[in-house]
Amino acid sequence: MDAKHRLRLVLHRLARIFSARSGSEGANTTEVNHREFLRSVVKELREPIDTIAGYTEILYVTPEEAQSAQKRREYHEAMLASSRQLQRLINELAEAARIGTSSALDVQVFDVAELLEATAHGLQDETVALRSPMLLRVIEDVELAADLARLRKVFHYLLAEALKVTSETECIYLDMHCGITGDLEIVLACVENWQPDVTFARPIISLHGGQIELNKQASKRSEVRITLPSRLVHWPKTAKKMDVA
């Protein structure tokens, strides 16, 4: 089964899930959110597909000597980055479908700082063409009882979106805070007017009893703030905060 056929099946499954929910309370708002999510994903899918198709055609129809080695390397790097973007988008669609049919969480206890560091560093390794600096501030030894796989997808998605809109001269900030009541707050901030689509992330955070908010900051920054309830969090006796490049 090729990737295009698998994607068609995922979209069909999403349509059935969203249709089945249409009779529930707040159906109109839910349907609008789902339509906007699908519309944004379809829009995003066009970009990497067009890039791969365009550069593949150039490399196929032009003789090797017509392009410099540097130019051909740039084409291959762009195609590789686009392939990874497609993989991410398809994973997000599959995750949205899974959440639509199941509210069960695969709860594990894990270190939050390690999750954020691994996600940030892994994403930077994948997107070598994007050189935006990233400042990661974490609190050591904070344990969270949550669905590790789903939260990893949320942070991977949000960081990938931040990297796409942030230039080499601007910085991305990822920070951890302890709320007044012991809630865990994770804040991702970058350029002004950043408005990522959180339709994919919101149900995952809601399943954990948390919230996700988009805020515009006075200091010409926009942020996504994820709050997870204190009942899921084990804080160390002494909270030590550290910067991770």
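**Notebook: Ser222, a tyrosine pair and Asp175**

I started at Ser222, whose side chain reaches the backbone nitrogen of Trp194 at 3.3 Å. Note to self: this is a predicted model.

**Ser222, continued.** I checked where Ser222 sits, and it belongs to strand β7, which covers residues 221-228. Is Ser222 buried or exposed? Its relative accessibility comes out at 0%, so I put it down as buried; the cut-off for that is under 20%.

**Next door, Arg221.** I then looked at Arg221, which lies over the face of Tyr173. The distance to the ring centre is 4.5 Å. Strand β7 begins at this residue number, as its range is 221-228.

**Whole chain.** Time to step back. I counted 6 helices and 9 strands in the chain. The chain has 245 residues, and 39% of them count as buried. I also pulled the contacts with a separation of 6 or more: 75% of them come from residues 24 or more positions apart. For the surface, I got about 13,700 Å² exposed, with carbon and sulfur atoms supplying 51% of that.

**Aromatic rings.** How many aromatic pairs turn up in a search of the whole structure? I found 1. The pair is Tyr55 and Tyr75, and I call it stacked because the ring centres are 4.5 Å apart and the planes meet at 20°; stacked needs planes under 30 degrees apart. I looked up where the two partners sit: Tyr55 is in helix α2 (residues 27-61) and Tyr75 is in helix α3 (residues 69-101). They are 20 residues apart, and the pair links distant parts of the chain.

I wanted the exposure of each partner too. Tyr55 has a relative accessible area of 27%, so I logged it as partly exposed. Tyr75 comes in at 12% relative accessibility, so that one goes down as buried.

**Asp175.** Last stop for today. I found Asp175 in strand β4, residues 172-178. The residue range of β4 also takes in position 173, and Tyr173 is the ring I had met under Arg221. Is Asp175 buried or exposed? At 14% relative accessibility, I count Asp175 as buried.

Which residues does Asp175 contact once its neighbours within four places in sequence are left aside? My list reads Arg137, Glu185, Ile186, Val187 and Lys241. I noted that Arg137 and Lys241 are in there along with Glu185.

Methods. Residues are numbered from 1 along each chain as its sequence is written. This is a predicted model: local features need pLDDT of at least 70, side-chain atom pairs count only at pLDDT 80 or more; totals for chains, interfaces and linings use all residues. Side-chain values use heavy atoms; hydrogens and water are left out. Helices (H or I, at least four residues) and strands (E, at least two) are DSSP runs, numbered from the N terminus. Buried means under 20% relative accessible area, exposed over 50%, partly exposed in between (1.4 Å probe, protein chains only). Contact means heavy atoms within 4.5 Å. Accessible areas come from the Shrake-Rupley method with a 1.4 Å probe; for residues, only the protein chains shown count as cover. A polar contact is a pair of N or O atoms within 3.5 Å; within protein, one must be able to donate a hydrogen and the other to accept it, and residues adjacent in sequence count only if both atoms are side-chain atoms. Rings of Phe, Tyr and Trp (its six-membered ring) pair if their centres lie within 6.5 Å; planes under 30 degrees apart count as stacked, over 60 as edge-to-face and the rest as tilted. A charge sits over a ring if NZ of Lys or CZ of Arg is within 6 Å of the ring centre and within 35 degrees of the ring normal.
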